[in-house]
Each structure stands twice: as structure tokens, then as C-alpha cells.
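Work through the exercises below with the model open in a viewer. Try each task before reading its solution.

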Amino acid sequence: MSLTLWKDISPLGQRLREPTSRSPHILVIGGGVTGLISSWVLLDRGYHVTILSNAWASDEQRLTSQIAGALWEFPPAVCGQHTDAISLAHSKRWCMTAYHIWDGIAAIPALSDASGVRMMPSDFFFPETVENDPAQRSKMTEIMASGVRGFYRGSDLIDERGIDPEYGAVDAYELMAPIIDTDKSMHWLMDLVESKGAKFVTETITRDLVDIEDSLRARFDADVIVNCTGLQGEVLAGDDTVYPIRGGLIRVINDGTDFPKVDAALTITADAAGSANEIVFLVPRNDNILLIGGIAEPNEWDLNLTLESPIISRMRERCEKFLPGLKDARVDPDYPFAQGLRPFRGKNVRVERELRRTGSRIVHSYGQGGAGWSLSFGCAQDVSMLVDEALSGAPARPMGDIMTHDLKAGKSERRRR
């Protein structure tokens, strides 16, 4: 069963289910989008929740979740580097759960404004007809069957969006997708979970959670620990496959003064851009800002890029060739450039209980890479399920076993219908 807005979670301040003094207490570690939305789901299920993080959303020192492009995409994403079959299969389910919830939030004008979530056209362009690329053909077919709104296939999108035909795009399709103003949304999420009763603790944990699980649970009177720490999963989950993929985004004024206002997300596949790590990624952030991207630099830990860095200069140059009007774009004087580290891992996303210690009550949700917003509610739904399993004393099982169980359950449910 998918997590459903209003039935399972509410975007309003009060909880759907009030806890009692006997309700379990969950310690969520991580104050990014994955931690906050996992906390939201657990709060509305009637759990007591404490969120522990070494940093919180702010306009001075932005979290990775705030720097993200936050364009919803069906996996594998344009800059996703998704390689693990089990993780990819889960992610296709997770992203559709998130799609419908973000869509429901965006449908209510007051909520859309407060949360920074809008549904906008999202256009994908290709250097050859989609049918000539088996991977892209398969992905398009899945998208068409997925339940997204507004799917349209047609090369006329190239001219309609002002794309330079010399860049190499010959085919395209469009769908309506959630696009999220991450600064606004992160503050909204923090206020929301706080109004539902979450407690916030500012602290840095620097040890493997397995080694300190008992003392941490005792200190916070926690029945279960949920690890949503992104790159810190390397330490807290003892996962040496965790690594960053550095990204950067130029922010330009998108008010229609310097170039025709861009009112759709525009991307083109990596092979057309000439590099798997340097793509075209244009996303309207809000009414007046357009994000220009993107890049994907594996294992680069330093946030030392500037607008003058060669890779950023190339990024802007190819985006200007793709959409010629951008040559006249002015950068946002208050916030011209954003950079951050996408949290990846060897087998991609991990939403799984701790397997190294029998009887552990640790649940992990990290490695979402550049898709934290796209997978958010789907991952949180599985976190909630795993918390229930841990509370019941059920043995932990690998993610592949969870997928097999879910597929069997889905077939059984369809047979009953």
C-alpha cells in the first residue's frame, strides 16, 4: 500500500493520530529532507519523535537538501548514476509515492505557496528518437504507465521551448512534475514537524551507531533509531561505499526581462551534452529564479567551486548553446551560485534495518544521491514499515528480500480483488 495524503499523513499542523504515554519513541538522526519527512510520517502514525542533527536549514549555511535541484524525476534520474537493480526497483515505487503526495500538496494554493511546491511542465530532450535507445524507450514506456499527469510526446517541444536545433535535440517528451523551492520547503517541513510535536536536538554523532546503540537509546528513551544522515552514513552505518557526487547550480533572474521567461524544467541526456558528468539541467526555482546546471563529479569532497571554475564556465556555456536566450541572463546578486555534495553509495539507496547486530533496532535511510526530494515519501513509508518490524521483534532482512515480499503481497492483493 502506498502512503496517501490525508489518509496516512496530513500537511496541517495537528497530528492524524495522537500519541499516548505508552506510544513508542523514535530517535531520527538527520535534519535534511529524508529525516524530516520520515519524522513527519512517524509523527502522524502516533509516535513520539526526537530529531537529532548537527545542522538545520538556514539561509546562511544551507544544507544539501536546500542546495538540491529538487526537480522530481522518474529514476534513473538525469544525473542519477543509478546502477543497482534492487535499489532502482525500489526507487521507481518510492518516487511515485512522493509524486502523488507532492501533487496533492501543490493542488491546494495556500499549501503550495507555504511549502514551495508547484507542479510544472518538465521536458526531456534527446539526440535521437527515443525508440532508437532501448534504455530511454523502456524508461519512457514506464513513465507513460506510471500515473504521472500531462504526458506528451512530440518533437514540436523543441521549437516551443526555444531550444536551438543545432544543439542536437531531435525528440522530446513532457510531463507535469513537482518542482520544489527547497529553502521555503525545508523551513516549512521544520515548522510542520515541530507543530506535530517533534523535539529538536543539535548534536554531532561521530561513531558507528552499532557501537553506541544501547547508550543512545537509553539516553533518549528511544525504542528505535532511524539514521537519515546522508554522507555521514559512511561513519554512522559503517558503510565504506558511501561517496559524494559534487554538484553546482548557477542562479539567474527569470522574470522575463533579459530572456523569455522559462516556465518549464528543461533537460537533455548526457550523451547529447558530450559527457556523462556534464549535462543540461534548467529548472525554474520560483517565480523569479532559474537554476542552470548541471555537473556530477564523483568523489570530490571540496566545496571550492566558483562561477569562474572551468567546469562551471563549461556548464553555463553549454546551457546557453542549448537555450540561446540565456546568454543575456543575469545572476541573482544575493545568491548567485549553489554547490553541494550528493550523498551516494555503492549500491545506491539504502532503506534497510541494521544487519550487523542481531536484535538491533536501527533503521537506515541514506544514499538517496540527487533524488532525496523525489524519493522522500516513498522512503519514509518504508522507514515506517521497518520501524514497526523492529518494534515487533521481527528479524531484519536485506532490501532485496523486502522487495520480493512487497511484490508477492501486491500480487496477492490483486488476486483478492
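The exercises go from the whole chain to its cores and then to single sites.

The model is predicted, so local features need pLDDT of at least 70 and side-chain atom pairs count only at pLDDT 80 or more, while totals for chains, interfaces and linings use all residues. Residues are numbered from 1 along each chain as its sequence is written, and side-chain values use heavy atoms, with hydrogens and water left out.

**Exercise 1. Overall form**

Determine whether the radius of gyration of the protein chain agrees with that of a compact globule.

Step 1. The globule rule is 2.2 Å times the number of residues to the power 0.38, with the radius taken over C-alpha atoms.
Step 2. For 417 residues a compact globule would come out near 22 Å, and the protein chain has 21 Å, so the two agree.
Step 3. Along the principal axes, the C-alpha atoms fill a box of roughly 65 × 50 × 40 Å.
Step 4. The protein chain holds 13 helices and 15 strands (DSSP runs numbered from the N terminus: helices are H or I with at least four residues, strands are E with at least two).
Step 5. Of the 417 residues, 58% are buried; buried means under 20% relative accessible area, exposed over 50%, and partly exposed in between (1.4 Å probe, protein chains only).

**Exercise 2. Nonpolar cores**

Find which residues touch the most other members of the largest nonpolar core.

Step 1. A nonpolar core is a set of buried Ala, Val, Leu, Ile, Met, Phe, Trp, Tyr and Cys residues joined through side-chain atoms within 4.5 Å.
Step 2. The largest such core has 78 residues, and Trp40 and Val226 touch the most other members.
Step 3. A separate, second core has 29 residues, including Tyr167 and Phe259.
Step 4. Leaving aside neighbours within four places in sequence, the contacts (heavy atoms within 4.5 Å) of Trp40 include Ile9, Ile105, Trp188 and Phe377.

**Exercise 3. Thr64, Ser65 and Thr229**

Work out how Ser65 and Thr229, two of the residues in one UniProt annotation, are placed.

Step 1. The unreviewed UniProt entry gives "binding site" for Thr64, Ser65 and Thr229; positions follow the numbering used here, feature names are shortened, and annotations may be inferred rather than shown by experiment.
Step 2. These residues are spread over 166 residues of sequence but cluster in space, with a largest C-alpha distance of 11.3 Å.
Step 3. Ser65 belongs to helix 2 (residues 64-67) and is buried at a relative accessible area of 13%.
Step 4. The side chain of Ser65 reaches the backbone nitrogen of Val33 at 2.9 Å.
Step 5. Thr229 sits in the loop between strand 7 (224-227) and helix 9 (233-236), buried at 17% relative accessible area.
Step 6. The side chains of Thr229 and Asn227 make a polar contact at 2.6 Å (a pair of N or O atoms within 3.5 Å; within protein, one must be able to donate a hydrogen and the other to accept it, and residues adjacent in sequence count only if both atoms are side-chain atoms).

**Exercise 4. Arg342 and Gly370**

Is Gly370 buried or partly exposed?

Step 1. UniProt (unreviewed entry) also lists Arg342 and Gly370 under "binding site".
Step 2. They span 29 residues in sequence, yet no two of their C-alpha atoms are more than 5.4 Å apart, so they gather at one spot.
Step 3. Arg342, in strand 13 (residues 337-344), is buried at 15%.
Step 4. Gly370, in the loop between strand 15 (362-366) and helix 12 (372-392), is partly exposed, at 47% relative accessibility.
Step 5. Outside its neighbours within four places in sequence, Gly370 is in contact with Arg342 and Phe344.
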